[in-house]
Amino acid sequence: MRVGSEEEAVRLANDSSMGLDSSVFAGNPSHGEQVARRVQSGAVIVNDVIANYLAMEIPIGGVKDSGVGARHGRIGIQKYWQRQNLVVTRVGRNRELYYFPYTKAAAKLTEWLMVALYARGSRRR
């Protein structure tokens, strides 16, 4: 689509709830890259329309309401991952301080910590 100015091109390209794929055509590829960086799209190709499909190492996916994730590249593989944080303590108590049944020592320690950390006035450390 031919436009009257660079600003109009970027405004029209970004004036959409979609943003899957786009192209910028420019006589100077460096200037085309500068314009492409302003376009809100999952992929922007300078002076081509399909080159990104041949680059299997880069992820392809949309922004805004476009696309359903990504394919290719590391991000394309990560959609099959499930992140899990696992913490195993190797030292310390066999029982948590605050687990029931409470001991008198644990209650006293908890009270002392609360006063030391949160009390106001003369009782504050």
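The legends below describe views of a predicted protein model.

**View 1. Fold of the predicted protein.** Five helices and four strands form the secondary structure (DSSP runs numbered from the N terminus: helices H or I, at least four residues; strands E, at least two). Their order along the sequence is α-β-α-β-α-β-β-α-α. Residues are numbered from 1 along each chain as its sequence is written. Local features need pLDDT of at least 70, and side-chain atom pairs count only at pLDDT 80 or more, while totals for chains, interfaces and linings use all residues.

**View 2. Burial and surface.** Of the 125 residues in the protein, 21% are buried (under 20% relative accessible area, 1.4 Å probe, protein chains only). The protein exposes about 10,600 Å² (Shrake-Rupley method, 1.4 Å probe). Carbon and sulfur atoms supply 55% of this area.

**View 3. The largest pocket.** A pocket is an open set of points on a 1 Å grid over the protein atoms alone, where a 1.4 Å probe fits, with protein on both sides within 12 Å along at least five of seven lines. The largest pocket holds about 570 Å³ of space (the space filled by probe spheres set on the points). Its lining comprises 18 residues (an atom within 4 Å of a point). Met-1, Val-3, Ala-9, Ser-23 and Phe-25 are the closest of them to the pocket centre.

**View 4. Elements and residue types in the lining of the largest pocket.** Helix H1 (6-14), strand S1 (21-24) and helix H2 (29-36) are the elements that give two or more residues to this lining. H1 supplies the largest share, five residues. By type, the lining has 11 nonpolar residues (Ala, Val, Leu, Ile, Met, Phe, Trp, Tyr, Cys and Pro), two charged (Asp, Glu, Lys and Arg) and five polar (the others, Gly among them).

Methods
Side-chain values use heavy atoms; hydrogens and water are left out. Buried means under 20% relative accessible area, exposed over 50%, partly exposed in between (1.4 Å probe, protein chains only).
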